[in-house]
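Open the model in your viewer and keep the selection tool at hand. The stops below go from the whole chain to one sheet and its surroundings.

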Amino acid sequence: LIFEKINGYKDGSFFTPGFITMYMCREAIRKAVIQKFNEEKQWNCKDMTQLYNKIEDTDEANKIVNSLKICDPAVGSGHFLVSALNEIIAIKNDLRILNDRQGRRLKEYDVEVENDELIVTDEDGVIFEYNPRSRESQRIQEALFHEKQTIIENCLFGVDINPNSVKICRLRLWIELLKNAYYKNENELETLPNIDINIKCGNSLVSRFSIDANLGKALKKSKWTIDSYRLAVSTYRNARSREEKREMERLMTDIKNDFRSEIASNDPKLARLHKIKGQLFTLTNQVALFEQTKKEKSEWNKKVEKLTHEINKLETEIEEIKNNKIYENAFEWRFEFPEVLNEEGDFVGFDVVIGNPPWSSKEQLIQSDYVLEKYGVNIKNLNIFAIFLVIGNHILHSKGYFNMLIPEVFSRNEAYLSQRKLIVESFKIISISNWGQFPDVASNTISLHYSKAFESDNSFIYNNFEDSPSKINEIKQSNLLKTKTVVFSGDINNNILDIISKLEKHPKLSSVCKIKRGIELGQSTNLIKCDNCQKHSELSTKYYTNRKSTTCKHCGSTIIPEDAFSISQPQPNEIYKTKIYSGRLISKYDCSEPLWIRTDLLDIDYKLDIFENENLFVKRISSNPIGTIIKQRALAFNTIYSLYNCTVNKKVVLAIINSTLTEFYYKNVFTLGSTLTTQVTISGLSDVPFPKVIDYIQNERIIKFVDKIFESKNQNPSADTTTLESEIDQLVYELYGLTEEEIGIVEGSVR
């Protein structure tokens with residue numbers, strides 16, 4: 001049903017946030033509900049229809065649905081939790097277990113989520129509106145209010161580091177309740193409950209205590225139990241006054257502090273410190289019957305020194321942990337949500353982890369080794385959303401469902417390869433959806449939906465909503481591992497993955513040539529002498545085509561250099577006598593007139609080895625590799641890659657780079673979104689598959705066609721060479737052993 005309405009939710013070229021959150025919640029929560037019933041009742045239901053046909057006891061079914069635990073670890077304004085709230089009520093309606101306060105079913109009514117809003121209609125399709133004078137209307141309003149209250153109190157949990165976001169999220173949930181507030185009598189509305197306890201402020205990425213920390217000893221020594229903690233939480237929710245609420249807050253704080261103290265005392269570092277201190281005490285206070293020999297005294301001193309060193313080291317580490325700024329707003333999952341602890345105090349996790357985590361690479365946390373030390377995942381210096389994936393996996397129930405909105409860069413960037421492999425090898429992927437590019441967002445957006453219940457022969461749905469009409473492919477999860485880069489975005493399907501796997505059996509382009517980026521002009525500087533103080537200051541020589549002044553860093557005077565020119569217009573002269581190309585001048589098998597550079601102003605000697613008398617240049621700012629050959633000595637800016645020291649004829653290398661097959665490979669493995677400003681990277685270009693063997697005849701035929709293209713372009717730069725390029729494509733397909741069917745898939749994908 002959701003796909004029938006898909007185009008109606010598109011706002012311009014992208015989907016509305018309301019539709020995306022609604023879709024993601026629907027996907028994850030419905031599967032989690034089916035899983036809950038299967039686990040509780042030992043059923044084997046595959047979908048909601050089968051579940052509906054199995055349910056007999058509506059009260060029991062409501063308890064099972066109400067036991068669902070859903071968490072957004074970066075809750076923000078609470079959009080996902082509101083969507084989850086509405087979706088659970090819609091699920092109850094679909095299962096026909098939505099009851100009023102007397103336990104009677106609301107069978108005459110239909111509940112749907114439309115554009116992220118809960119819509120209730122009667123048998124005639126009339127939208128429900130509350131009328132306190134109507135007994136039936138009062139019944140429906142009360143039922144919806146208490147259903148929402150129950151779900152908010154029992155099922156929805158959120159954390160955010162920003163206290164203002166937490167306040168907004170709580171307010172949004174209150175507003176959802178207010179929508180169904182009802183009159184107890186003529187003048188008095190039903191009191192709104194305390195629903196704020198499940199939305200908490202803290203850094204959900206950092207915890208002093210691991211979620212699997214043992215609470216057993218703490219429970220034995222403490223006067224509190226998990227049940228007493230749960231009771232305190234329940235009492236807080238039903239508190240009728242501020243005093244009672246504050247008393248419960250103090251009680252919950254005392255309980256958590258007792259648990260923390262007990263767990264902290266069992267810290268392995270602390271236990272080892274006590275043990276070593278005991279060893280040192282015994283060693284230094286034992287009474288010897290005989291005086292020690294010189295050798296024994298030396299060995300004794302070494303032992304004392306070693307133990308003292310270990311004690312100092314452990315004390316320093318423990319103190320650093322206590323004072324580490326990273327723990328400033330640490331969120332202790334172990335204590336904050338007793339609802340996801342079992343009777344023994346073990347953390348069992350959430351049934352659904354969902355949300356849209358922040359995308360930032362500037363967080364201090366990312367610069368630390370915290371995630372590597374805590375979770376064994378090396379994502380240092382990467383975007384913070386990747387850490388939310390790690391945390392999400394750890395707080396997820398063993399049979400839970402994960403669905404998050406993340407940038408598409410995760411699905412292709414080499415830096416996230418280890419995380420992609422972990423997901424493919426350890427989790428059951430349900431679906432991956434590409435939503436295209438949102439306004440003011442620098443990346444395409446995907447939602448990643450998977451379960452911890454891994455299946456080796458699993459197939460999942462890939463939705464490319466960026467295209468119109470939307471493409472929906474079923475993909476074998478095992479096929480993702482056939483490619484070295486484990487790609488899951490773009491136009492992927494089983495056939496494309498098979499071709500990528502076939503191409504990657506060949507060597508890489510880097511095996512036949514070296515690749516370097518052109519000259520970084522912005523890094524070159526000149527020392528300019530100040531006429532006022534006679535001292536020198538630095539002046540950058542980046543792209544100056546007219547005079548440039550600078551300020552003396554010593555006396556503050558303005559310095560105007562005699563000649564700050566480094567690059568001229570396309571015209572040589574006595575000073576500007578070396579050709580230099582930028583990426584915008586390069587096109588397929590062709591180039592525009594070069595610029596001319598004054599090399600005596602630039603410190604570029606270290607780069608000159610990459611420029612030859614015949615240069616193979618590939619432009620950097622492009623969705624796929626495009627290159628040409630400059631048949632004379634010339635330099636290149638950093639918007640160009642120079643391929644040099646080639647062990648294969650450069651014309652053959654160029655033909656493969658410019659081929660449709662390379663465009664296909666690059667598009668499906670590296671390019672991130674057709675609407676984005678993309679660039680070819682050195683690692684991506686280096687990884688382009690290059691044929692294992694090119695025999696003499698194939699080599700000569702390719703060179704002949706490349707020469708014909710250059711000849712045509714020299715005579716007329718706008719000459720149509722598509723026929724010649726097509727001939728080269730066919731030769732390239734032969735080099736990689738592609739079948740007619742595979743060639744059709746390649747060319748269809750590129751088109």
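Start with the whole chain selected: of its 751 residues, 52% count as buried. The model is a predicted one. The exposed surface of the chain comes to about 36,900 Å², and carbon and sulfur atoms supply 47% of that area. Switch to a cartoon view, where the secondary structure amounts to 23 helices and 27 strands. For contacts, take residues at least 6 apart in sequence: 68% of the contacts between them join residues at least 24 apart.

Next, select the sheet. Nine strands form an open sheet with mixed pairing, and its order reads β7-β6-β3-β8-β9-β11-β10-β12-β13. At its edges lie β7 (199–201) and β13 (471–476), each of which pairs on one side only. How much are neighbouring strands of this sheet turned against each other on average? The value is 15°, with direction ignored.

Now narrow the selection to residues 428–437, strand β10, and residues 459–464, strand β12. These two strands run parallel, and four bridges join them. To see a single pairing, pick N434: its bridge partner in β12 is N464.

Last, add residues 385–395, which make up helix α14. Which strands of the sheet does helix α14 touch? Helix α14 packs on the sheet and touches β3 (70–72), β8 (350–355), β9 (396–407) and β11 (444–451). To check its orientation, compare the helix with β9: their directions make an angle of about 165°.

Technical notes: Residues numbered from 1 in each chain as written. Predicted model: local features only at pLDDT ≥ 70, side-chain atom pairs only at ≥ 80, totals over all residues. Heavy atoms only, no water. Buried < 20%, exposed > 50% of the residue type's maximum accessible area, 1.4 Å probe, protein only. Contact = heavy atoms within 4.5 Å. Areas by Shrake-Rupley, 256 points an atom, 1.4 Å probe, with all protein chains shown as cover. Pairing = 2+ DSSP bridges. Axes fitted to C-alpha atoms, helices over the stretch in contact; angles between N-to-C directions.
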